[in-house]
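Trainee: Please take me through this model one point at a time, and state each cut-off when its term comes up.

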Amino acid sequence: VADFGYASTSATNETEVGTSTYMAPEIVKGESYNGHSVDVFGMGIILFMMCARTKVFEGAEKGDPYYRNFIYNRPEKFWSLHENKLGREFSGSFKNLINGILSPNPIHRLSISEIKVTIYLWF
């Protein structure tokens, strides 16, 4: 499904690799990053696209309204834009999961274990 090229055994990484639409905000900003955390972010992008059948944002840049609302931690505006564009609503559970996986702050981003628990509780 994806090339998780960010993961490494290093505590932090600094190389900018990957497709810009899948890059976590810390990579876009040129900051050092944790490979596992940015891979979770990339996986969240793919999960969103599979479920919503649209891109999360067109580009990881402040000029993109989806990305801008996302990085400035305005999830209600981010979701409103998508729901208006698609003409449908997303469940609160889905929004919470995606918000956690795509948290602009890597410290608040869900881990794989937390994602598993969240999905387990759905079923």
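**Charged pairs, helices and loops**

Trainee: At what distance, N to O, do the side chains of glutamate 58 and lysine 55 meet in a salt bridge?
Mentor: A salt bridge is counted when a side-chain nitrogen of Lys or Arg is within 4 Å of a carboxyl oxygen of Asp or Glu. Glutamate 58 and lysine 55 form such a pair through their side chains, and the value from N to O is 3.7 Å.

Trainee: What pLDDT do local features need in this predicted model?
Mentor: Residues are numbered from 1 along each chain as its sequence is written, and side-chain values use heavy atoms, with hydrogens and water left out. The model is predicted, with totals for chains, interfaces and linings using all residues, side-chain atom pairs counting only at pLDDT 80 or more, and local features needing pLDDT of at least 70.

Trainee: Does glutamate 58 count as buried or exposed?
Mentor: The classes rest on relative accessible area, where buried means under 20%, exposed over 50% and partly exposed in between, with a 1.4 Å probe and protein chains only. Its partner lysine 55, at 41%, is partly exposed. Glutamate 58 has a relative accessible area of 52%, and therefore it counts as exposed.

Trainee: Which helices hold lysine 95 and glutamate 83?
Mentor: The side chains of lysine 95 and glutamate 83 meet in a salt bridge of 3.0 Å, N to O. This pair links distant parts of the chain, 12 residues apart. Lysine 95 is partly exposed at 21%, whereas glutamate 83 is buried at 15%. Taken in the order lysine 95 then glutamate 83, the helices are H5 and H4.

Trainee: How many salt bridges does a search of the whole structure find?
Mentor: Besides the pairs just described, lysine 29 and glutamate 31 meet in a salt bridge of 3.9 Å, N to O. Lysine 29 is exposed at 58%, and glutamate 31 is partly exposed at 38%. For the whole structure, the number found is 4.

Trainee: How many helices does the secondary structure of the protein come to?
Mentor: Helices (H or I, at least four residues) and strands (E, at least two) are DSSP runs, numbered from the N terminus. From the N terminus on, the elements run α-α-α-α-α-α. There are 0 strands, and the number of helices is 6.

Trainee: Why can the buried residues of H5 be said to line one face of the helix, and what arc do they fall within?
Mentor: The buried residues of H5 are Phe94, Leu97, Ile98, Gly100 and Ile101. Seen down the axis of H5, they line one face because they fall within a limited arc, which is taken from the directions from the helix axis to the C-beta atoms. These residues pack against H2 (35-52), H4 (75-86) and H6, where contact means heavy atoms within 4.5 Å. The value of the arc is 160°.

Trainee: Leaving aside its neighbours within four places in sequence, which residues is serine 103 in contact with?
Mentor: Serine 103 sits in the loop between H5 (92-101) and H6 (112-122), and at a relative accessible area of 8% it is buried. A polar atom of its side chain lies 3.1 Å from the backbone oxygen of asparagine 105. Leaving those neighbours aside, serine 103 is in contact with His108 and Arg109.

Trainee: What is phi of arginine 53 near?
Mentor: Arginine 53 is in the loop between H2 and H3 (65-71), and at 68% relative accessibility it is exposed. Its phi is positive although the residue is other than glycine, and the value is near 60°.

Trainee: What is phi of asparagine 73 near?
Mentor: Asparagine 73 lies in the loop between H3 and H4, and with a relative accessible area of 56% it is exposed. Here too a residue other than glycine has a positive phi, with a value near 55°.

Trainee: Which residues make the nonpolar surface patch of about 380 Å²?
Mentor: Patches are made of residues with over 30% relative accessible area and no salt bridge, like charges being joined within 9 Å and nonpolar side chains (Val, Leu, Ile, Met, Phe, Trp, Tyr) within 5 Å. Tyrosine 120 lies in helix H6 and is exposed at 66% relative accessibility. The residues of this patch are Val117, Tyr120 and Leu121.

Methods
A polar contact is a pair of N or O atoms within 3.5 Å; within protein, one must be able to donate a hydrogen and the other to accept it, and residues adjacent in sequence count only if both atoms are side-chain atoms. Accessible areas come from the Shrake-Rupley method with a 1.4 Å probe; for residues, only the protein chains shown count as cover.
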